[in-house]
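Me: I'm new to this one and would like a close look at a single part, the sheet. Could you walk me through how the strands are put together and what sits around them?

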Amino acid sequence: MPIYEYYCPECKEKFEKLCRLSQADEAAECPKCKTSSKRVLSKCASFSKDSSGATTSVAGGGGCSSCGSSSCTSCHN
Ligand SMILES: [Zn+2]
């Protein structure tokens, strides 16, 4: 299953979730505060897992700092 990235407006943090394709456009609950969170277009960030399998270090860093707030719509990488 693909991993999708979501952004919680309450925590101001991204989180990732495994989803079926049919769920890709649905909101996901934040694991911390249960706020309904929109999916972030993550083509420039979310799939850069490191060798340990960690994914959290990608959000807010890496090659996409220009669009880390809520979406990557302005980022064409
Ligand atoms: Zn939250």
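**A walk through the sheet**

Reply: Sure, let's take it strand by strand. One thing up front: this is a predicted model, so confidence matters. The mean pLDDT of the chain is 73, and 53% of its residues reach 70 or more. Over residues 57-63 the pLDDT is below 50, and in the model that stretch has 10 contacts beyond near neighbours in sequence.

Now the overall plan. The chain has 4 strands and 0 helices, so to speak a β-β-β-β pattern when you read along the sequence. In space, the strands make an open sheet in the order β2-β1-β4-β3, with antiparallel pairing. Strands β2 (13-18) and β3 (28-29) stand at the edges with a single partner strand each, so one side of each has no neighbour in the sheet.

Let's start with β1 and its two pairings. With β2, β1 pairs in the antiparallel sense over 6 bridges. If you want a spot to click on, find Y4, whose bridge partner in β2 is K17. The other pairing joins β1 (residues 3-8) to β4 (residues 36-40), again in the antiparallel sense, over 3 bridges. Here you can look for E5, which stands opposite V40 in β4.

What about the side chains? As a general point, side chains in a regular strand alternate between the two faces of the sheet. In this model, the largest nonpolar core has 8 residues: Y4, Y6, Y7, C8, F15, A28, C30 and V40. Strand β1 gives the most to this core, with 4 residues. Both Y4, the bridge partner of K17, and V40, which faces E5 across the pairing, are in that core. For the chain as a whole, 22% of the 77 residues count as buried.

Next, the turn from β1 into β2. This hairpin has 4 residues between the strands, and K12 is the one to look at, with a positive phi near 55 degrees. K12 takes that value although it is not a glycine. Its place is in the loop between β1 and β2, and K12 counts as exposed because it has 10 C-beta neighbours inside 10 Å.

There's another lysine with a positive phi further along the chain. K34 lies in the loop between β3 and β4, and its phi is near 65 degrees, a positive value in a residue other than glycine. K34 also has 10 C-beta neighbours inside 10 Å, so it counts as exposed.

From K34 it's an easy step to the edge strand β3, where E29 has its place. Leaving out residues up to four places away in sequence, E29 touches K34 and S36. E29 has 14 other C-beta atoms within 10 Å, which means that it is partly exposed. For a feel of how the chain folds back, try E29 and Y7: they are 22 residues apart in sequence, yet their C-alpha atoms are 9.8 Å apart in space.

That kind of link can be put in a number for the chain as well. Among contacts between residues at least 6 apart in sequence, 41% join residues at least 24 apart.

To pull it together: picture β1 and β4 paired over 3 bridges, with β2 and β3 at the edges of the sheet. Then add the core, to which β1 gives the most residues, and the two exposed lysines in their loops, K12 and K34.

Technical notes. Residues are numbered from 1 along each chain as its sequence is written. This is a predicted model: local features need pLDDT of at least 70, side-chain atom pairs count only at pLDDT 80 or more; totals for chains, interfaces and linings use all residues. Two strands pair if DSSP finds at least two bridges between them. A residue is buried if 20 or more other C-beta atoms lie within 10 Å of its own, exposed if 12 or fewer, and partly exposed in between; C-beta atoms are placed from the backbone. Two residues are in contact if their C-beta atoms, placed from the backbone, lie within 7 Å. A nonpolar core is a set of buried Ala, Val, Leu, Ile, Met, Phe, Trp, Tyr and Cys residues joined through C-beta atoms within 7 Å. pLDDT is the predictor's confidence in each residue, from 0 to 100.
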